[in-house]
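Please walk through the structure below, paying attention to its surface, its helices and its pockets.

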Amino acid sequence: MDRLHVSATSHWPNYLPEYVARELGFYAEEGLDFSRSAPDDWTQVLRDLEGGSADVVLGGLWVPAMYHGRGREYRAFAQLNARNPKALVTREKLTDFDWKDLEGKIVVAPGAGGTAPYVHTAGLMRKAGVDMSKVRWVRDLSGSMLTELFLGGMGDALVTDLVNASFLEHRGEAHIAVRHDRAGGLMPNSVYYTTADVLARDDELVERFYRALQKSYDWLKAHEAAELTDLLAREWPSLDTEVLVSIVDDLRASGIWDDLRISEDGFAEWMRILAEDGLIDEAPAYDDLVAVVS
């Protein structure tokens, strides 16, 4: 068995295929001794990768994009989320929501765990013709803190992940106004990336990991979330498992786990938004950031 350790930016249900592959023995079938960690400070994942304690990072594609040509070179080889599992919620239920409804409003968007909640939301708003000078933002703080503040009265809308948004709606504390997975189309939100040295290993570590994940994708397409009740309860004991089962089935239907390969169209659109927001100087070529494996 060969060790493969993933350092991830979080531990959350939208990463479910990774846990399913472990639960059903798909890593072991590929001769992999799989482990994962999710450090409190997400930037630790880069130190883990550079120091060799991790073989692969699970996080945003915006990180390899921003570092490309700026001191570090990483390449992504799979997308765990083919769409952005985020949503914008409001306190009152809105009908016929339009992004322009946010003009004159305060939008709360977490940023302590990464830049995508704000940047992708802002990109979708600009594309919809929103006058961004009329929107105020509260950002750069943790999701848990900003959710608590939003529920306490701060701002008019909150950007959060679909799991949290669904639980807020289930409890009657907020309402989903728009979902990024539907409004934003294909977008490689969470990807696996690593260094050139790991990709070039003779034992094909990355390729074997990819095959194990593909088995998990195929399994999730054919099986309902109720079959994972024990896994879900064990991994996220603080969440209502019955509600979580329904959320996972919704994620299965959303297309978030449709394809492990990084979409070229989704890549291009995400790079366009990153460049538009100034995180990168220009959109890199797909082959500069993505390694195709099988």
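**Surface, helices and pockets**

L141, M145 and L149 together make a nonpolar surface patch of about 220 Å². This is a predicted model, and the values given here are computed from it. One member of the patch, M145, is found in helix α6. How far is M145 exposed? Its relative accessibility is 42%, and because buried means under 20% and exposed over 50%, M145 counts as partly exposed.

Helix α6 (143-151) also has a part in the largest pocket, as one of the elements that give two or more residues to its lining. The space in this pocket comes to about 1000 Å³. Its lining is made of 38 residues, and those closest to the centre are T9, S10, G113, G143 and D161. Besides α6, the elements with two or more residues in the lining include the helices α4 (62-67), α5 (116-127) and α7 (162-170). The strands β8 (157-161) and β10 (190-194) also give two or more residues each. By residue type, the lining of the largest pocket divides into 17 nonpolar, 17 polar and four charged residues.

The second largest pocket holds about 150 Å³ of space. Which residues line it? The lining consists of T90, R91, E92, L94, F97, D101, L102, K105, D156 and A157. Five of the lining residues of this pocket are charged, four are nonpolar and one is polar.

Helix α7, already named for the lining of the largest pocket, contains L162. Is L162 buried or exposed? With a relative accessibility of 3%, L162 counts as buried, because the cut-off for buried is under 20%. L162 can also be placed with respect to G123: the two residues are 39 apart along the chain, and their C-alpha atoms are separated by 18 Å.

The remaining element to look at is helix α1, residues 16-23. Why can α1 be described as largely enclosed by the rest of the structure? Six of its eight residues are buried, so the helix is largely enclosed. The buried residues of α1 are L16, P17, E18, Y19, V20 and A21. Just after this helix, G25 takes a positive phi of about 80°.

Key: Residues numbered from 1 in each chain as written. Predicted model: local features only at pLDDT ≥ 70, side-chain atom pairs only at ≥ 80, totals over all residues. Heavy atoms only, no water. 1 Å grid on protein atoms, 1.4 Å probe; cavity = no way out; pocket = protein on both sides within 12 Å on 5 of 7 lines; lining within 4 Å. Points joined across faces, edges and corners; volume = space filled by probe spheres on them. Helix = DSSP H or I, 4+ residues; strand = E, 2+ residues; numbered from the N terminus. Nonpolar A, V, L, I, M, F, W, Y, C, P; charged D, E, K, R; others polar. Patch = residues over 30% accessible without salt bridge, like charges linked within 9 Å, V, L, I, M, F, W, Y side chains within 5 Å. Areas by Shrake-Rupley, 256 points an atom, 1.4 Å probe, with all protein chains shown as cover. Salt bridge = Lys/Arg side-chain N within 4 Å of Asp/Glu carboxyl O. Buried < 20%, exposed > 50% of the residue type's maximum accessible area, 1.4 Å probe, protein only.
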